[in-house]
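Work through the exercises below with the sequence and the model open. Try each task before you read its solution.

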Amino acid sequence: MTGDSRTSAPRRRALRQMGALVLSVPVWPATLPSVAQAAGSSASIIAVRVWPAEDYTRVTLESDRALAAKSFLANHPDRLVIDIDGLELSPDLRELLGKVRPDDPYIAAVRVGQNQPRVVRIVFDLKQPIAPQVFTIEPVAAYKNRLVLDLYPLQERDPLLDLVREKEAAEQAAAQSVQDALGELIDKIGRPQPAASEAERAVAQARPQARPAPRPAGPTPPPPPAPTPPPPLKDVAPEMSQAKLDRLIVIAIDPGHGGEDPGAIGPSGLREKDVVLAIGLKLRERLNSNPKIRVMMTRDADFFVPLGERVRKARRVQADLFVSIHADAFITPKARGASVFALSSGGASSTAARWMADKENAADIVGGVNTKGVKDDGVLRAMLDMSTTAQIKDSMKLGGEVLGQIGKVGKLHKGSVEQAGFAVLKAPDVPSILVETAFISNPEEESKLRDPDYQDELVKALATGIARYFAKNPPLAARHRAL
């Protein structure tokens with residue numbers, strides 16, 4: 001009995017240890033069904049968004065988990081086919097059908113169906129051949145996982161030639177207006193005059209009466225041929241417009257953010273991307289009223305443009321100036337006043353300027369850039385680091401003129417042009433400024449930004465500042481060349 005008790009004590013201790021070990025191990029069979037169920041469940045579509053524009057159309061599918069997609073193009077007729085794995089057909093996905101607008105430049109119609117179990121097929125019927133980009137974006141800011149379909153034209157338009165054609169159209173419209181006014185004047189002259197006084201009739205009777213010339217015998221001669229109308233703009237060759245290019249001042253207006261990137265949002269919900277687009281379009285109209293100026297908009301509608309693409313657009317039209325328009329927010333609603341920024345070759349001129357630049361430079365992350373699909377990305381990044389001292393010097397001059405005029409409209413955040421490393425200002429051969437029109441996070445300034453009359457005052461100040469800059473720094477002659 002004594003021997004048995006001695007041997008049973010270690011055995012009991014070992015059994016207790018084994019029991020504790022068993023209790024500490026997860027019971028895998030009980031958890032396996034839930035794991036398998038999670039693996040077999042489909043992703044849920046949170047939102048579907050379509051951003052149509054002349055530059056390209058973007059379609060975004062936002063989901064609670066990452067989506068895997070395969071795509072291919074089909075011809076006769078042109079179609080883009082997307083197969084999305086791990087997805088079931090849902091009302092949210094069918095909603096895509098109703099989001100395509102009839103005036104979309106690229107998409108004629110959309111069809112959605114369950115191609116295979118857990119595979120949804122989306123077919124885009126196209127209006128023209130495209131060069132699509134399909135990529136995913138990880139969750140950022142207010143967005144979860146995004147599958148992005150960018151539909152670019154197969155052949156990119158020549159933006160400089162578009163500006164020349166736009167100028168020619170404006171000249172023809174002005175000439176027609178003058179012709180209409182002249183015709184109205186002639187018509188008034190030919191109308192019957194009021195009855196003359198007795199003295200005027202006496203003078204008229206005293207004058208010798210001219211007899212009408214006899215009408216020649218024979219048939220009535222045909223009327224003179226009508227003047228030949230000018231050729232349509234599409235038939236004007238680029239080289240024929242070189243003289244007009246040489247006399248053209250090109251200004252790039254860049255409304256910040258857009259599309260997937262709303263920018264800052266005010267206390268009452270006013271979005272930065274909307275208000276700066278409204279100001280940009282008004283500024284274009286005002287500047288284009290000068291026959292020597294044409295404006296190129298980096299975006300003229302609600303769509304996203306990457307920062308590097310904004311710079312490339314300005315360089316493609318060989319812009320004489322680049323003006324980026326913003327209405328940012330700050331960490332406190334008390335911040336107020338307009339600011340003007342130029343590029344810095346070194347550090348930022350203030351902590352606030354550096355904070356602002358970092359915030360604006362993050363726009364690509366929110367807006368969504370296909371980093372794998374960018375051609376010559378290394379070359380573009382190298383070009384953006386080639387900003388010259390001369391460009392920054394001219395930018396400071398431009399900024400000073402604009403800041404002086406904006407200060408007459410409202411309060412300034414700082415009385416001098418600030419500098420920081422804004423990516424959008426890095427065109428090495430284009431004087432470039434970024435204008436923070438006001439702090440949209442300030443309730444009072446948000447209310448002003450919403451007011452069309454206040455927007456008009458801002459536009460007048462911007463246009464006057466640009467005009468004063470050109471008066472002191474005339475653009476180089478014969479700078480532009482058709483591309």
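**Exercise 1. Place the salt bridge between Arg-316 and Glu-156 in the chain, and classify both residues by accessibility.**

Step 1. The side chains of Arg-316 and Glu-156 form a salt bridge, at 3.2 Å from N to O. The criterion is a side-chain nitrogen of Lys or Arg within 4 Å of a carboxyl oxygen of Asp or Glu.

Step 2. Arg-316 belongs to helix 9 (residues 307–316), and Glu-156 to the loop between strand 8 and helix 5 (159–190), so the pair ties together parts 160 residues apart in sequence. Helices (H or I, at least four residues) and strands (E, at least two) are DSSP runs, numbered from the N terminus.

Step 3. Arg-316 is partly exposed, at 21% relative accessible area. Glu-156 is partly exposed too, at 44%. Buried means under 20% relative accessible area, exposed over 50%, and partly exposed in between (1.4 Å probe, protein chains only).

A note on the source: this is a predicted model, where local features need pLDDT of at least 70, side-chain atom pairs count only at pLDDT 80 or more, and totals for chains, interfaces and linings use all residues. Residues are numbered from 1 along each chain as its sequence is written, and side-chain values use heavy atoms, with hydrogens and water left out.

**Exercise 2. Find which residues are linked with Glu-260 in a network of salt bridges.**

Step 1. Start with the pair. Glu-260 and Arg-146 meet through their side chains in a salt bridge of 3.3 Å, N to O.

Step 2. Locate both ends. Glu-260 sits in the loop between strand 9 (249–255) and helix 8 (272–288), and Arg-146 in strand 8 (residues 145–153), so this pair ties together parts 114 residues apart in sequence.

Step 3. Check burial. Glu-260 is buried, with 0% relative accessible area. Arg-146 is buried as well, at 2%.

Step 4. Extend the network. Arg-49 and Glu-62 are linked with Arg-146 and Glu-260. The whole structure holds 23 salt bridges.

**Exercise 3. Describe the aromatic pair of Phe-330 and Phe-439.**

Step 1. Search the whole structure: five aromatic pairs turn up. Rings of Phe, Tyr and Trp (its six-membered ring) pair if their centres lie within 6.5 Å; planes under 30 degrees apart are stacked, over 60 edge-to-face, and the rest tilted.

Step 2. Phe-330 and Phe-439 are edge-to-face, with 6.3 Å centre to centre and 70 degrees between the planes.

Step 3. Phe-330 is in the loop between strand 11 (321–326) and strand 12 (339–343), while Phe-439 is in the loop between strand 14 (432–436) and helix 14 (443–450). They are 109 residues apart.

Step 4. Phe-330 is partly exposed at 27% relative accessibility. Phe-439 is buried at 4%.

**Exercise 4. List what Glu-446 touches, not counting residues up to four places away in sequence.**

Step 1. Glu-446 lies in helix 14. Glu-446 is buried, at 4% relative accessible area.

Step 2. Its contacts (heavy atoms within 4.5 Å) are Gly-266, Pro-267, Ser-268, Gly-269, Leu-270, Phe-439 and Ile-440.

**Exercise 5. State the span of helix 13, and what covers its buried residues.**

Step 1. Helix 13 (residues 389–406) has 18 residues and reaches 25 Å from first C-alpha to last. That is close to the expected 26 Å, where expectation is 1.5 Å times one less than the number of residues.

Step 2. Its buried residues include Ile-392, Leu-398, Val-402 and Ile-406.

Step 3. Their cover includes strand 11, strand 12, strand 13 (418–420), strand 14 and helix 15 (452–472).
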